[in-house]
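Good morning, and thank you for coming. Please have the sequence and the structure open in front of you, as I shall refer to both throughout.

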Amino acid sequence: MTAQIISGTEIAKQIREELRQEIIQLRTKHNLVPGLATIVVGGDPASLVYVGLKERAAKDLEIYSQRHDLPVSITKKDLLSLIDQLNKNPRINGILVQLPLPQHINETDIVCAIDPRKDVDGCHPANVGKLMIGEPDFLPCTPHGIQELLVRSGIETEGMEIVVVGRSNIVGKPIASILLQKQVGANATVTVCHSQTRDLASHTKRADILIIAAGRPKVITADMVKEGVVVIDVGVNRIGESASGKGILVGDVNFDTVKEKAKAITPVPGGVGPMTIAMLMMNTVRAAKMTIGIA
Ligand code: NDP
């Protein structure tokens, strides 16, 4: 079996075009332009790349965009003060603080300072709680992107055995929570594995759908999956030598061998990554619509 390649690049493009139309409607019918503020602290190269991509996507959709590049030495008090200003700014509907933050700033304190109605990353405890009870305002971007990939690729989740590898607050736990909801595009039987799981392969081999977010290059090999599995590879790892000097980008799955057994699989790059950005744009549009009661 050679797998269907699920292109996150293509699906994200389709979502952006839908959003473009929605944004035009908001502007012409409601005189409303969604606004997104991004905050990046310090010069971590990966964070700068991610924020750059998010800013570019917002500009392309004519979302009003503000970018705040802050020095690594910024105090927690000053960062909280910026968030307070953005919370009060009516032009800003969404606030994204790029994580990780420097060690002297507690991330939870910062996330909790964002107005939950502007929490387009879906990380505020109020939004995490709403997700748990199946009444979300904002789904976190990467897990939401994964669900959209499945739904838009026609992959049935209802009643399926879904195994998630990874239990982080930004990927593993929320995707597990989303997929076990009693809803269309969910309704799965979900197992969550992590670094303390005994005999990982005994779980992954049962999966109809395997979602892997471990951040370990090629940790999933062909002998760990069953024939006909659907594989969503969230991992982003750089290994070995490349012309750019940054290493080669690979996922958490040994793509070349696993694709021979899988029914469908996402590539890295071009799988989950573009979806994360598209979902941030979707949440920003939703946040704007919520201000006029049409979301
Ligand atoms: P974290 O490091 O926060 O979490 C990794 C999880 O994987 C942990 O729960 C850890 O277990 C588990 N784990 C690690 N090694 C193993 C192993 N050998 N077997 C089983 N479980 C293991 O990572 P994130 O969730 O933030 O990200 C995961 C990956 O996804 C990274 O490569 C990241 O770059 C990528 N990512 C990609 C995004 C995208 O848009 N494409 C967005 C976000 C992340 P334990 O809890 O016990 O430590």
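**Ligand, sheet and spaces in the protein**

I begin with the ligand, where a backbone N or O atom of Val236 lies 3.0 Å from an oxygen atom of the ligand. Please keep in mind that this is a predicted model. How much of the ligand's accessible area does the protein cover? The ligand has 930 Å² of accessible area on its own, and the protein covers 71% of this.

Two further polar contacts deserve a place beside that of Val236. Thr276 has a polar side-chain atom 2.7 Å from an oxygen atom of the ligand. In the side chain of Arg216, an N or O atom is 3.4 Å from a nitrogen atom of the ligand.

Let us now consider the whole shell. There are 19 residues around the ligand, and those that come nearest are Arg167, Ser168, Ser195, Val236 and Thr276. By class, the shell consists of eight nonpolar, nine polar and two charged residues.

I turn next to the largest pocket, whose volume is about 1,500 Å³. Its lining comprises 46 residues, and the closest to the centre of the pocket are Tyr50, Gln98, Val236, Gly273 and Thr276. You will recognise Val236 and Thr276, which are also among the residues that come nearest to the ligand.

Which element gives the most to the lining of this pocket? The answer is α2, with nine residues. The elements that each supply at least two lining residues are α2, which spans residues 45-60, together with β4, α6 (141-152), β9 (237-239) and α10. The lining of the largest pocket has 26 nonpolar residues, eleven polar ones and nine charged ones.

The structure also holds one cavity of 30 Å³ or more. The volume of the largest cavity is about 50 Å³. Its lining is made up of Ile95, Val97, Leu99, Val111, Ile114, Asp119, Asp121 and Cys123. Six of these residues are nonpolar and two are charged, while none is polar.

Now to the sheet. Six strands form an open sheet with parallel pairing, in the order β1-β11-β8-β7-β5-β6. Why is one side of β1 and of β6 left without a neighbour in the sheet? Both β1 (4-5) and β6 (189-193) stand at the edges, and each has a single partner strand, so one side of each has no neighbour there. Further inside that order, β5 (residues 161-165) and β7 (residues 209-212) run parallel and are joined by four bridges. One example is Val164, whose bridge partner in β7 is Ile211.

Finally, I ask you to look at three points in the loops of the backbone. Between Leu99 and Pro100 the peptide bond is cis, with omega near 5 degrees. Pro100 belongs to the loop between β4 (94-97) and α4 (107-113). Leu99 has appeared already, as one of the residues lining the largest cavity.

A cis peptide bond also leads from Val268 to Pro269, with omega near 0 degrees. Pro269 sits in the loop that lies between β11 (264-265) and α10 (272-291). Here β11 is a strand of the six-stranded sheet, and α10 supplies at least two residues to the lining of the largest pocket.

The third point is Asn31, found in the loop between α1 (8-30) and β2 (35-41). What is the sign of its phi, positive or negative? For Asn31, phi is positive, at about 55 degrees, although this residue is not a glycine.

Note on methods
Residues are numbered from 1 along each chain as its sequence is written. This is a predicted model: local features need pLDDT of at least 70, side-chain atom pairs count only at pLDDT 80 or more; totals for chains, interfaces and linings use all residues. Side-chain values use heavy atoms; hydrogens and water are left out. On a 1 Å grid over the protein atoms alone, a cavity is a set of points where a 1.4 Å probe fits but cannot get out, and a pocket is an open set with protein on both sides within 12 Å along at least five of seven lines; lining residues have an atom within 4 Å of a point. Grid points are joined across faces, edges and corners, and a volume is the space filled by probe spheres set on the points. Ala, Val, Leu, Ile, Met, Phe, Trp, Tyr, Cys and Pro count as nonpolar, Asp, Glu, Lys and Arg as charged, and the others, Gly among them, as polar. Two strands pair if DSSP finds at least two bridges between them. A residue is near a molecule or strand if one of its heavy atoms lies within 4 Å of it. A polar contact is a pair of N or O atoms within 3.5 Å; within protein, one must be able to donate a hydrogen and the other to accept it, and residues adjacent in sequence count only if both atoms are side-chain atoms. Accessible areas come from the Shrake-Rupley method with a 1.4 Å probe; for residues, only the protein chains shown count as cover.
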